[in-house]
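Reader: I would like to learn how to read a structure of this kind, one feature at a time. Could we go through it together, beginning with the cysteines?

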Amino acid sequence: MGVSMATARMWVERWERQQQRYAVDREERFTVIADVVEHITTGRDRPLLLDLGCGPGSLAARLAARFAHAEIVAADMDPLLLELGRTHHADAARYVDTVIGEEGWTDALALRRPLDAAVSSTALHYLPEQDLLRTYRSLASLIRPGGVLVNGDHFPPGAAPCSALTAHVGRRRSERTGGPAEEDWRSWWDAAARDPELADLLDERGRRQAAHAGSGGDEEMTVCRHTELLRRAGFAHVAPVWQYGDSAVLVAVMDDAREGRAPAGP
């Protein structure tokens, strides 16, 4: 079910363009995530990074370019996006097919040492709250003391007037920095469905989606709620480090002295 390098390059480049529609200052957000990783891995010879919901490797490739000495594991459940990443960004990461949030999902990662950082961009909001809490707990057990979880995503305020305001500010920012992409999420997938080289991967994707139907997450979950879940999972410190509109980067830090301490609360 592989794809050619030319095909992978074309679809990844189209993916990059259409994703501009959904993340305010997307490149800046990637840069901020990398800045956090830089801070937390300074002085470490070969930091171990995990990219959650990696898609076709957009964030993993940027991290690999900035941290040539890092070992990067990139995880996703989408067979098409994973294959595009493996082909177009082959040297960026070791790509792993796993369903983030399911029981035992970390076994497939085959990690042989603690993580320095787990990162994600516009991916974790698709998890239902209980799966998200389970994921946070799993990550807390994998990240070394002093390591971090860095999540760049949409975090709208809880109050409707404020939510409308942050959404408007984000839209205006997008308009000033080049406007929306010509292609959106739906049209990208519609076009991909017409490419015969992707047919087998899309069939497999459809089977997996059917198996996980009805397990959507909460895209309106606030920073405060994420913070509560992260603290329950065992992270000692949680704070947003960047925000524009409702696009933000949330960082959770493991306590340097956490060894031997159980996660808080059920």
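**Cysteines, sheet and rings**

Author: If a disulfide is taken as a pair of cysteine sulfur atoms within 2.5 Å, the count here comes to zero. Please keep in mind that this is a predicted model, in which local features need pLDDT of at least 70 and side-chain atom pairs count only at pLDDT 80 or more, while totals for chains, interfaces and linings use all residues. Residues are numbered from 1 along each chain as its sequence is written, and side-chain values use heavy atoms, with hydrogens and water left out.

Reader: Why does C162 form no bond with the closest cysteine sulfur?

Author: The closest cysteine sulfur belongs to C224 and lies 12 Å from that of C162, which is too far for a bond. As for surroundings, buried means under 20% relative accessible area, exposed over 50% and partly exposed in between, with a 1.4 Å probe and protein chains only. C162 is therefore partly exposed, at 41%, whereas C54, at 5%, is buried.

Reader: How should I read the sheet, and in what order do its strands lie?

Author: Helices (H or I, at least four residues) and strands (E, at least two) are DSSP runs numbered from the N terminus, and two strands pair if DSSP finds at least two bridges between them. In this model seven strands make an open sheet of mixed pairing, ordered β3-β2-β1-β4-β5-β7-β6. Its edge strands, each pairing on one side only, are β3 (94-97) and β6 (237-244). From one strand to the next the twist averages 20 degrees, where axes are lines fitted to C-alpha atoms, for helices over the stretch in contact, and angles run from 0 to 180 degrees between N-to-C directions.

Reader: Which strands are bridged to β7, and how do they run?

Author: Strand β7 (residues 247-253) is antiparallel to β6, with seven bridges joining them, and seven bridges also join β7 to β5, again antiparallel. A252 shows both sides of this arrangement, being the bridge partner of V238 and also that of L149. Elsewhere in β7, V251 stands opposite A239. Two residues separate β6 from β7 in a hairpin, and G245 in the turn has a positive phi of about 65 degrees. Six of the seven residues of β7 are buried, leaving the strand mostly covered.

Reader: Which strands does helix α5 touch?

Author: Contact means heavy atoms within 4.5 Å. Helix α5 (residues 129-142) packs on the sheet and touches β1 (48-52), β4 (115-121) and β5 (143-154), its direction making about 145 degrees with that of β5.

Reader: How many aromatic pairs are found in the whole structure?

Author: Rings of Phe, Tyr and Trp (its six-membered ring) pair if their centres lie within 6.5 Å, and planes under 30 degrees apart count as stacked, over 60 as edge-to-face and the rest as tilted. The search finds six such pairs. In one of them, W11 and W188 have ring centres 5.5 Å apart and planes at 80 degrees, so the pair is edge-to-face. The two residues are 177 apart in the chain, W11 in helix α1 (residues 5-19) and W188 in helix α7 (residues 185-192). W11 is buried at 2%, and W188 is buried at 0%.
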